[in-house]
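Let's take a look at the aromatic side chains in this one, and at who sits next to whom. Here is the model.

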Amino acid sequence: MNAAAPGRLLGAPVTLHQGEWLQSAISRWAWDIFGVSRGALIDAMGLAHFGVEMISTLGTRLYAEPAQALAYATGLPRARLHEATMESQDGKLIWLNRTREDLTSATVLKDGMWTWQAGTRYCPDCLAEAPGVFQLIWRSPWVYACLLHKRILLDACPVCHHDLVEMRSRNRDPFDPSTCRANIAPGGATRQIHCLAALTETWDNTPIRPDSAPFRAQQHILTGRGAPAQKQLLWLLQSAATGLRGAKAFQEIAELSGMDPDSLAGLFDEEPHVGISPPKNAYAMAALIGAAYTLTHSDESAVAQIIRSATFTRPPARPPRDVGFGPGSPRELLARWPHAPTGFRQQILRSLDPDLTTGQRILWDTAGSGGSVSTHGGLRANGDKRATGIPLLLWPEWCSRFDLDGPVIGPTLAAALATAVRAVGTAETDPDETRLARVLRPRMLGTPEQTDRLLAGISELAGVIDRTDPIINYQRRLSLPAAELLPQEHWRLLAESIAVAPGHTRLHRNARRYLWQRLTLTPIPPELRAAARDDAAEYTVFTTRMTAELQAALDQYGEAFLHNHAIYEPVTWSPETAATRVWPGADILDLDLELLHSLLSDGVYTHHRLRDALRIPIRRVLRAIDAAPPSTGKAVTTADWSTLLPPTGPDASRRPQGSASPGKTGAS
């Protein structure tokens, strides 16, 4: 070996190819430049005193002392040497263990994201163009194709078919790194016989089309390495690949990847534990990842049956005791697609939606479309917004859209629907479906087709709540003092302003009830109830006889009452959605409103006559009256309640008094 040049120990300059693995470079330098063995070159670079383990891990993690020696010997910057180690790809295509000090170790992670402990693939065309240069990324099982030469990588020698033998130690015999070092000696032989076949001379040229799923998946994997989105992609592909492989869905793998099913026969290794390791064969890996990519990047409806088939093909696992779920439950079904990211978990469950109970469909949010669920995070429901923004009785507009005209009482339906909306996508925090089973009765669900539209609509409404700020804090309104609402003297002033006789105690009590329900959308509190047998019937008559003038006057008073308690919100409100969805029920005013007003003006208030004339359930009639009550045509005056109910709170000075709120809804 030549004497070292000033500042270097080596007598000739060395280079690292872009993306080359450090151990590959050492072997190449020894053969191509100096014509010596790896061991001789390693010793000459000042690494003679390092042990076997330190030398074998040079290409994994470069510790400070050997890094300094290599940098001095080669003249290459330490940063450039580091780029040639597996550590530079840690968390991108390769995953290394961590030390107790949370530093990268020189060992490969065995669990979690797929990573090899050892081994490499290679592209014969790349080796022909750059002899002896093995790319660092070929050491990742996630790299199975050469995008430059548009071909599947090879895993073994084209002649002896043995796995490639990596050179990571102090070999004392010179060898050409572009040849096979596999031992082909017969069993029992005392000496090794190396294959020495040229790795570039291969008949196996498996092209991969740029428009194919495996090629597009490989492009996506190698784009943005290290970014959070790329790591999410790998978890997504690994989960989908594990589910397909675990189900032995080889025909589906071929179909999704676009690869010949006959060529895949026998390429997938048997797995003692499903999903622990990737396929060893590059062709099998290309097919599997291509299939996983298609499965997770196609329209849901096109692949739902494949997901369902792959899920139920595998026998159910036996969950540990006391884990809270059993075979066939949503959690156990998801376990057949391990490590699935949230979005894919939702897609899986939506594919299994026909096989789940109504409660499971709501709790896991499986009935909504992929687009609607993605807008509100699905399983990441916003509990705070729902607690404050959803009343105990669902908004009448939405009750109407979800009303299938079954034999059920209006307030019961409103309470059940509100419970369902709050529960959408909460399975991770509250998986108990018994509460939903108690309130959502079969008569509310209709036919299977109606149930599908109902649950999809409930999911849509939950999304509206999650992605918008609530206009009304219903939780805060529950603390309003119902006993102080509309006392007798205030009622007399209100009735006088619209030329209505204040009547007896029952009329006053019903007005208070009506206003309370408009403000809170809750059942009538005990303070506003009466012991009379006909109390509920009288309140129903009151709501049936509601007029536009009385409702507006009550809303004006309700606004002043809210301001008096430092609440500056509309009296009523209902969320809106831009979704062009076919709701299972009718809109709240989808009836002959002119006929309804005519009947009421003629004094027709009995429910059976209104129901028969309009041919709809009476609860729909009552909602329509509440949404658009008829006018009496009488002249009214506007009462100024600011003196009797002065505004309080920091916003009091900036709020106009006596103005009507932009209310839209009322009691269910």
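Phe-402 is buried in this predicted model, because its relative accessibility of 0% falls under the 20% cut-off. Trp-398 is buried too, with a relative accessible area of 0%. How do the rings of Trp-398 and Phe-402 sit relative to each other, stacked, tilted or edge-to-face? Their planes are at 50°, which is neither under 30 degrees nor over 60, so the pair counts as tilted. The ring centres are 5.7 Å apart.

Trp-398 has a charged neighbour as well: Arg-401 lies over the face of its ring, at 4.4 Å from the ring centre. There's another such arrangement at Trp-21, where the charged end of Arg-139 sits over the ring, 3.8 Å from its centre.

Now for Tyr-557 and Trp-641. Their planes are at 90°, so this pair is edge-to-face. The two residues are 84 residues apart and link distant parts of the chain. Tyr-557 belongs to helix H26 (residues 548–564), while Trp-641 is in the segment after helix H29 (618–627). Tyr-557 is buried at a relative accessible area of 0%, and Trp-641 counts as buried at 3%.

Here are the two ring pairs side by side:

| Pair | Centre distance | Plane angle | Geometry |
|---|---|---|---|
| Trp-398 and Phe-402 | 5.7 Å | 50° | tilted |
| Tyr-557 and Trp-641 | 4.8 Å | 90° | edge-to-face |

What about the rest? The count comes to twelve aromatic pairs. Rings can also join up in a group: Tyr-122, Phe-134 and Trp-138 are linked by ring pairs into a cluster.

Conventions
Residues numbered from 1 in each chain as written. Predicted model: local features only at pLDDT ≥ 70, side-chain atom pairs only at ≥ 80, totals over all residues. Heavy atoms only, no water. Phe/Tyr/Trp six-rings, centres within 6.5 Å; stacked < 30°, edge-to-face > 60°. Buried < 20%, exposed > 50% of the residue type's maximum accessible area, 1.4 Å probe, protein only. Helix = DSSP H or I, 4+ residues; strand = E, 2+ residues; numbered from the N terminus. Lys NZ or Arg CZ within 6 Å of the ring centre and 35° of its normal.
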